[in-house]
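Subject: The structure we talked about

Hi there,

Here is the structure I promised to pass on to you. Have a look at it first, and then read on for what I found in it.

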Amino acid sequence: MIKIVFSKEDAKQLFNHFQYLSQLEVIEEQGDSLSIVFNEQDYEILKEVFDYIQNDRTQLVFQTPSGYAKVPVYEITYFESFGNEVDLHTLSLGKITIKEPLYQLEELLAPHHFVRISKSYIVNLKKVVFIRTTLNAKLDLELNNRTHLQVSRSYVRQFKQKLDIK
Amino acid sequence: MMEWLRYGIFIILLFIVISVILKMFTTFLWNKRLKTFQDNHEVDVTTPPRYKTVLWTRVVSLLLVFVLTSIFLFGQPTNYDKPSNLAAKTFVSEDELLAFVSESQYYNQFYLRSDSALAPTDTFLVGENIESDNSDQGYLDTNVQVDGVMEADIIKTDGTFIFYAPNSYGNQTINAFEVTENKDLVLRDQIKFENHFVNDLFLTKEYLVAILYESYMYRPFFTTSRKQLVHVYDKNSLELVYEFESNLSFIEYRMIEDTLYIVGDYYITKDNPTPKFDIIKGDVETSYNLDVKKVFYYNEMSFPSMTVFISLDLETFTQKTMAFIGQVNQVYMNKDTIIVTQIIVKQFGWQLFEKIFQEGITTRVMKFTIDDDSKNIAYRSYFDLKGLVQNQLWIDIEDQYLRIASTEPYLVDFNLTDSVTNNLNNLYILKDDLNSDLMVVVGHLNNGLGKKNETIKSVSFNKDEVKIVTFYQTDPLYTIDLSTPSNPRIVNIIEEPGFSSYLHLWDDDGHIIGLGFQTDNNGRVTGLKISAYQTNDSEEPLYTVELDRKYGYSEQFYNHRALLVSNAKANTPYQFIGFSVNGTNQFLIYMIDFTKEQIISEAITIDHNKTYGNVDRGVYIGGMIYTFSKDKAVTYSFEQNEVTQSIDLD
């Protein structure tokens with residue numbers, strides 16, 4: 001038996017995602033937090049909860065020209081490369097220039113639903129709000145900050161596969 | 001708007017519409033995929049409503065643009081579509097048709113009679129004849145006006161078989177000959193009719209087509225009414241495969257590939273306002289009446305008869321019909337157009353002649369289009385021109401222009417001391433109007449076309465030129481440049497005694513052969529003549545042969561189809577003309593060579609010694625001339641320069 005204390009805000013998000021959690025007993029509610037007890041039969045779902053929290057709360061460290069930057073994954077919208085430099089674009093932290101090449105970032109970010117969409121761009125799929133097809137068989141992605149990026153033809157198949165992965 | 005441009009724009013538009021629809025469809029699929037991804041990964045990003053609005057706006061706008069553009073492209077009339085403002089209308093019922101023709105000035109008991117008063121009392125033979133078909137490398141038969149548009153005649157050949165229906169009064173026989181490998185003529189079979197008479201023949205790759213008629217005399221009016229038929233035979237086995245019968249009087253017919261086009265005349269009766277068609281194919285018999293809704297009329301032209309068009313597809317054995325109120329006298333046809341002319345007669349009896357003296361004669365020219373796929377014939381336009389159009393050769397179409405010559409008959413007004421009349425002749429260049437069915441005049445030549453009292457005798461169109469012969473006492477042969485349709489101009493005049501009744505273009509160097517009549521100084525005909533002309537810059541004939549048969553007459557001098565002709569374009573080793581002179585029992589061949597001083601050779605005479613009457617026709621097959629009269633066939637060899645065979649026919 002394990003007792004876990006959640007903030008109420010986190011719990012609400014988790015309850016939305018894992019409906020099973022709402023069936024568990026809340027043994028204590030205090031201020032902004034609440035406690036839930038997981039029995040042995042609930043360990044499997046608990047593992048999923050942890051994975052989810054880890055993914056959502058993961059922060060990645062990137063080498064910058066002046067040192068290192070620690071950026072939450074959910075902040076990142078896309079990466080853009082210019083020669084040896086790569087710009088990391090975020091929702092609220094602005095643009096950060098980092099030193100990691102795109103091919104390394106592609107591997108590093110794969111578990112976090114990032115996908116390479118052209119030679120110069122890696123995009124966070126969770127930030128895409130609309131996809132348009134163009135007459136030249138490319139895709140135009142609109143991100144939640146109104147930015148538009150293009151998926152080049154040779155990366156369309158890879159993009160589709162990534163979208164189809166559950 | 002030009003047809004190709006219209007379809008070009010439409011295809012481009014269609015391509016764009018399809019592309020955009022495909023784009024929108026794929027966009028929809030991608031976003032559906034994205035939505036699934038977002039659901040699976042609890043991504044809280046909802047598609048803003050504006051995307052749906054944009055999508056729907058695009059769909060609606062696109063359809064609107066497509067519909068509006070299509071209406072713009074195809075809603076407007078062109079040369080090939082119906083214009084919006086039509087003078088010609090169609091009937092909605094047989095009652096309306098009968099009411100309309102009853103208003104005719106011609107209406108009386110004689111017309112619009114009841115069929116019950118017209119029961120046939122006895123049958124008798126009424127002879128008719130003439131007309132013909134095409135040429136190929138190894139053989140020549142009918143001389144046609146338009147390449148690819150076959151004209152009917154009493155003889156047809158495909159280079160192996162020759163079918164010949166004698167040009168005699170009430171002929172009921174078609175002779176089927178075969179030309180053997182050694183060029184001998186063999187009579188292999190005969191088709192004999194008991195109740196029908198043979199008018200004309202056509203020959204296709206598969207079939208022999210016989211145009212037939214029955215004729216009755218009705219009392220007390222002593223008028224004749226016909227039943228006309230088309231019999232289609234397998235040309236190898238001579239098995240009858242299809243019969244088409246109608247109560248029309250056929251006026252003209254043409255064959256384009258495997259489709260027979262018939263122009264017929266039908267007198268409207270109270271009992272049968274529309275013509276009836278009976279068809280027998282194998283064991284199946286069907287019959288139907290012309291749909292009255294396919295009958296056109298002009299308000300001002302009430303007449304108790306209609307002209308009927310029939311297209312008969314011999315591949316599928318299907319028919320298409322339409323008609324208009326009125327009677328035609330000339331029919332021109334190319335592969336996609338039919339032009340007919342009818343004289344507008346607004347008065348009757350002696351009043352007619354007074355009217356003609358006062359106002360001259362007016363001819364209505366009507367244009368119909370043929371749909372290449374469906375073989376449907378559709379009315380397009382009309383124009384009223386001064387004078388008469390006396391021959392189909394006076395009509396021609398080049399590009400979008402209808403070129404047509406007309407002449408007013410020279411009338412002697414006994415009340416006048418000086419009856420000299422000028423400007424009797426007209427050359428019109430017309431084209432369709434986009435918005436109405438009234439053709440517009442692009443060019444008109446009247447001044448200088450013919451001298452005092454001269455009327456047109458023959459016309460020959462060729463691309464950007466036309467040759468016109470006028471005559472009263474001498475024969476001016478005018479060459480008129482039509483390269484600028486709005487400004488037809490006379491570029492050459494050749495004068496000589498006599499006149500040509502038929503002109504045949506010989507080559508592209510301005511050479512033509514004229515068949516016609518020699519006259520004395522007063523313009524009286526003294527005999528037949530053949531003339532060779534250079535029409536580019538010569539002011540007189542290059543060579544003329546007068547036939548030594550005073551007052552002779554040749555059918556071929558007026559009926560172009562009957563003439564056997566091999567000109568420089570015929571792709572045969574010999575260049576010649578061949579015709580018969582009535583009453584001589586001879587067929588004459590004249591070799592033509594414009595490089596020689598004697599352009600027209602002495603006559604080669606093919607004599608049907610025992611024949612009483614005329615040699616009807618001759619055909620050319622592989623260096624031989626096969627000539628036919630009612631009871632004889634005589635073969636002449638160019639190589640041996642002699643008659644090689646003579647066979648008697650029953």
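A405(B) has L427(B), in β26(B), as its bridge partner. That pair belongs to a stretch where strand β25 (residues 401–407) and strand β26 (residues 425–431) of chain B run antiparallel and are linked by six bridges. Before going further, please keep in mind that this is a predicted model.

Both strands sit in an open sheet of four strands in chain B, ordered β24-β25-β26-β27 and paired in the antiparallel sense. At the edges you will find β24 (395–398) and β27 (440–445) of chain B; each has a single partner strand, so one side of each has no neighbour in the sheet. On average, neighbouring strands here are turned by 20 degrees against each other, ignoring direction.

Next, have a look at β14(B). Is this strand mostly covered or mostly open? It is mostly covered, with seven of its nine residues buried. It has antiparallel partners that are worth tracing:

- Strand β13 (residues 249–256) of chain B is joined to β14(B) by seven bridges. Here E252(B) has V263(B) of β14(B) as its bridge partner.
- Strand β18 (residues 305–313) of chain B is joined to β14(B) by nine bridges. V263(B) turns up again here, standing opposite F309(B) in β18(B).

The connection between β13(B) and β14(B) is a hairpin with two residues between the strands, and E257(B) in the turn has a positive phi of about 55 degrees.

Now for the nonpolar cores. Which residues touch the most other members of the largest nonpolar core? Of its 143 residues, they are L201(B), L260(B) and I404(B). Strand β14 (residues 259–267) of chain B is the element that gives the most to this core, with six residues. If you would like one residue to click on, try L260(B): leaving aside residues up to four places away in sequence, L260(B) touches F202(B), V209(B), V230(B), Y253(B), M255(B), L312(B) and L314(B). There is also a second, separate core of 28 residues, and its members include Y121(A), L125(A), V128(A) and I131(A). As background, nonpolar side chains tend to be buried together in soluble globular proteins.

Further along chain B there is a run of hairpins. Strand β41 (residues 624–629) and strand β42 (residues 632–637) of chain B pair antiparallel over six bridges, and F628(B) stands opposite A633(B) in β42(B). Two residues make up the hairpin connection from β41(B) to β42(B). Then β42(B) pairs with strand β43 (residues 642–648) of chain B, again antiparallel and over six bridges. In that pairing, T635(B) has Q645(B) of β43(B) as its bridge partner. The hairpin formed by β42(B) and β43(B) has four residues between the strands, and N641(B) in the turn has a positive phi of about 55 degrees.

Last, the place where the chains meet. How many residues of chain B are in contact with chain A? There are 16, and they contact 16 residues of chain A. On the chain B side, helix α1 (residues 3–40) gives the most, with 10 residues. By type, the chain B side that touches chain A is made up of six nonpolar, seven polar and three charged residues.

Happy browsing, and do write back with any questions.

Best wishes

Methods
Residues are numbered from 1 along each chain as its sequence is written. Chains are lettered from A and ligands numbered from 1 in the order in which they are written. This is a predicted model: local features need pLDDT of at least 70, side-chain atom pairs count only at pLDDT 80 or more; totals for chains, interfaces and linings use all residues. Two residues are in contact if their C-beta atoms, placed from the backbone, lie within 7 Å. Ala, Val, Leu, Ile, Met, Phe, Trp, Tyr, Cys and Pro count as nonpolar, Asp, Glu, Lys and Arg as charged, and the others, Gly among them, as polar. A nonpolar core is a set of buried Ala, Val, Leu, Ile, Met, Phe, Trp, Tyr and Cys residues joined through C-beta atoms within 7 Å. A residue is buried if 20 or more other C-beta atoms lie within 10 Å of its own, exposed if 12 or fewer, and partly exposed in between; C-beta atoms are placed from the backbone. Two strands pair if DSSP finds at least two bridges between them. Axes are lines fitted to C-alpha atoms, for helices over the stretch in contact, and angles run from 0 to 180 degrees between N-to-C directions.
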